[in-house]
Amino acid sequence: MFRITALRASPLASVGLVSVLSCVTSPERFVSNCESRVSINNRDISSSRPTRSLSVYQGLEFCTRTIRLIKTAGKVAVLYKILPDSPLEAKVNECEERLKVAQIDYTGDGSSESQAAKGSDRPVSDRPVSNRLTTEQLRQKVYTSSQLLAEAEEELRESGAEDNKNRKAARWIVDLCRTNGGCYIKVGQHLANLDYLLPQEFIEELRVLYNDNPVSEFKHIKSLIENELGSSPHDLFSDFREKPLASASLAQVHVARLKESGRLVALKVQHPSVKRTGHGDIFALTKIIRFVERNFVEFKFGWLVDEIAPQLYKELDFVNEAENGRRAKELLEEKFKGRVVVPEVLEKYSSERVLCMSFEEGFCSTDLKEIEKNELSKTDCAKLISQVFCHQVFNTGFVHCDPHPANVMLRRGEGGKPVVVLVDHGLYKTLPADFRVTYCDFWVSIVTADIPLMKETCAKMNVGKMFPLLAAMVTARPFDEVLDRRRSGLLGLGGSKKADKERKERKDRRRKKREGKKKGLDESADAAMLRGYAVRFMGEILKLLEDVPRELPLLLKMNDCLRHIDHALGQDKNSNLEVCAKWASGGKLKAILEDKRKGLLQRMRAYVNHWLLLLRVKVLFGFLLRS
């Protein structure tokens, strides 16, 4: 059974009580602690935050929200730590322990030095025969244990037991997110993308946070529009639909029609409570994380607070979102020529808390029924979405960092081809040119199994000896698939008799899946293996995220979102790697061509290397996907 091993009810309760008391007894201090000035495009947005002391109502509201958080944390702790397991849950626990032992045996002491040694320049074939055989046997033990765990988890899910602890805990978390709203929903949406880290019950329950979010009453929405735009919505527009089209974590969307042209527009209106509660939510999150950091050395989530707090303030400012949208529209529509649509911003009806855009038809990118109804290819949809974000990461360096399925919509275009409709441009990251080139090299090193290049690029990102760990996090692959590739020259493609046997076994599994046997079990085994590695190396993962450049955690968040979309569309894991390899190589070529210090010979060499890599990737990935 998946357990929240780091959870301790008493520390959470203690820090929660401290947070509540500090708010009630010293609201002015609470406000000052919440504020850290953030500048967007040389424009100070601190005016969007409270500048006077909290009212009694705001203090009580903060206390209530924090108490809900503490209560939910306590319930989850009791559920996993005190209540007995059902027989099926006990079976899952036993399989988890078996997998844990197998992974410890395979990875040795689990240290970064041990993992770095496995990824050394010395090829696997150069190691002693006895060690190589032992390693193969231990690796097979990990795969077998993962398969047994996947089968046990599937049996537990199919039992439909109402006392399934995972489902209970997930529902409590969803209730907390929906009740508190705002920041909590943002966190829940991100958790819903972690298909390969959280049990399936969590993913299934948390997915409702993509679309089914609390709706603000129209009277409050009307009042906010009047304050922001100077008139009521019915005076501003010839038609204004009071029932929102959709509701997200920070805002809800209403459809309206312009008086002068009759054009349909989408009016994104911030939830009135978000501005008031957002600062308190950040404060509570900061207090809890800092407290646990001080008392538990292995807990290193400080980077999370440092990254979330300023980004949330940016997302609450719709002027910033409008600027991001205009720039993204220019960069994407120029490149993809009608295959990507970014809504046009109408400044006349926009402000810091209201955003008016052209109305664009579309449906959620993971809505398989709509994809089938519109006769779109799931493969074409997944490939286009990957290309859009690869272009942002590797070419422009201006990256949409919140591409969950509701923000990446699809519709049918000319010739029956998919069109991506990209919305919600509040969270963007501009990658420095040198970081972007380094990240391009890192991806090239992953797909070509170039260990020296991987080491070199990771050193530039302060990763050092933990480069295999970062490669596994980026690709969501088990460590051994990232490390032991020197024989093959490509991630996921072996070059030995054993690799041929594994390909034959994969082919047999696909045939069984077509016949309806053990459907999805292979993917579940991979997910179980990755969850085991995540728990095993959690300390090093947290340390890595604390040390790397601040751009990297947001890119990892983006990867989680896109991986979830790929998984929902039923795509082979290697197909996304192929797209990333091509665009990363193209991004590196672009950087060299734009560098005026590079001579003609260097540019020609870059062209040749790029096309050779494309040919190599095309041939090898094509062979892998057919196998």
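Q: Where does Asp424 lie, relative to E12 and strand E13 (428-430)?
A: Asp424 belongs to the loop between E12 and strand E13 (428-430). Helices (H or I, at least four residues) and strands (E, at least two) are DSSP runs, numbered from the N terminus. This is a predicted model, in which local features need pLDDT of at least 70, side-chain atom pairs count only at pLDDT 80 or more, and totals for chains, interfaces and linings use all residues. Residues are numbered from 1 along each chain as its sequence is written, and side-chain values use heavy atoms, with hydrogens and water left out.

Q: Why is Asp424 called buried?
A: Buried means under 20% relative accessible area, exposed over 50%, and partly exposed in between (1.4 Å probe, protein chains only). Asp424 has a relative accessible area of 16%, so it counts as buried.

Q: What makes the phi of Asp424 worth noting?
A: The phi of Asp424 is near 60 degrees, a positive value in a residue other than glycine. Most residues other than glycine have a negative phi.

Q: Which other residue has a positive phi, of about 50 degrees, although it is not a glycine?
A: Lys337 has that positive phi. Lys337 sits in the loop between helix H14 (318-336) and E7.

Q: Why is Lys337 described as buried or exposed?
A: The relative accessible area of Lys337 is 65%, which is over 50%, so Lys337 is exposed.

Q: How do you know how confident the predictor is in the protein chain?
A: The pLDDT, the predictor's confidence in each residue from 0 to 100, answers this. The protein chain averages 76, and 71% of the residues score at least 70. Among its elements, helix H1 (residues 9-25) has the lowest mean pLDDT, 34, and strand E12 (residues 418-422) the highest, 97.

Q: Which residues have a pLDDT that stays under 50?
A: Residues 1-42 do, and the model has 94 contacts for them beyond four places in sequence. Residues 486-497 also have a pLDDT below 50, with 44 contacts in the model beyond near neighbours in sequence. Contact means heavy atoms within 4.5 Å. Where pLDDT is low, the predicted coordinates should not be read in detail.

Q: What makes a set of residues a nonpolar core?
A: A nonpolar core is a set of buried Ala, Val, Leu, Ile, Met, Phe, Trp, Tyr and Cys residues joined through side-chain atoms within 4.5 Å. The largest one here has 67 residues, of which Phe394, Tyr439, Phe442, Trp443, Leu470 and Leu544 touch the most other members. Helix H16 (residues 378-396) supplies the largest share of this core, nine residues. Another core, of 19 residues, lies apart from it and includes Ala170, Val174, Ile185 and Phe202.

Q: Which residues is Tyr439 in contact with, leaving aside its neighbours within four places in sequence?
A: Tyr439 is in contact with Val393, Phe394, Met461, Val474, Leu552, Leu555 and Asn559.

Q: How do you know that the span of helix H17 (residues 433-448) agrees with what is expected?
A: The expected span of a helix is 1.5 Å times one less than its number of residues. For the 16 residues of H17 this gives 22 Å, and the end C-alpha atoms are 23 Å apart, which agrees.

Q: Why is H17 called largely enclosed?
A: 13 of the 16 residues of H17 are buried, so the rest of the structure largely encloses H17. Ala449 follows H17 and has a positive phi, near 55 degrees.

Q: How do you know that E7 and E12 pair?
A: Two strands pair if DSSP finds at least two bridges between them. E7 and E12 run parallel and are joined by two bridges, so they meet that condition. Val340 stands opposite Val420 in E12.

Q: What makes strand E7 (340-341) and strand E9 (363-364) edge strands?
A: Each of these strands pairs on one side only. They belong to an open sheet of four strands with mixed pairing, in the order E7-E12-E11-E9.

Q: Why is Leu569 called buried?
A: The relative accessible area of Leu569 is 1%, under 20%, so Leu569 is buried. Leu569 lies in the loop between helix H24 (551-568) and helix H25 (573-594). Its C-alpha atom is separated by 7.5 Å from that of Thr379, 190 residues apart along the chain.
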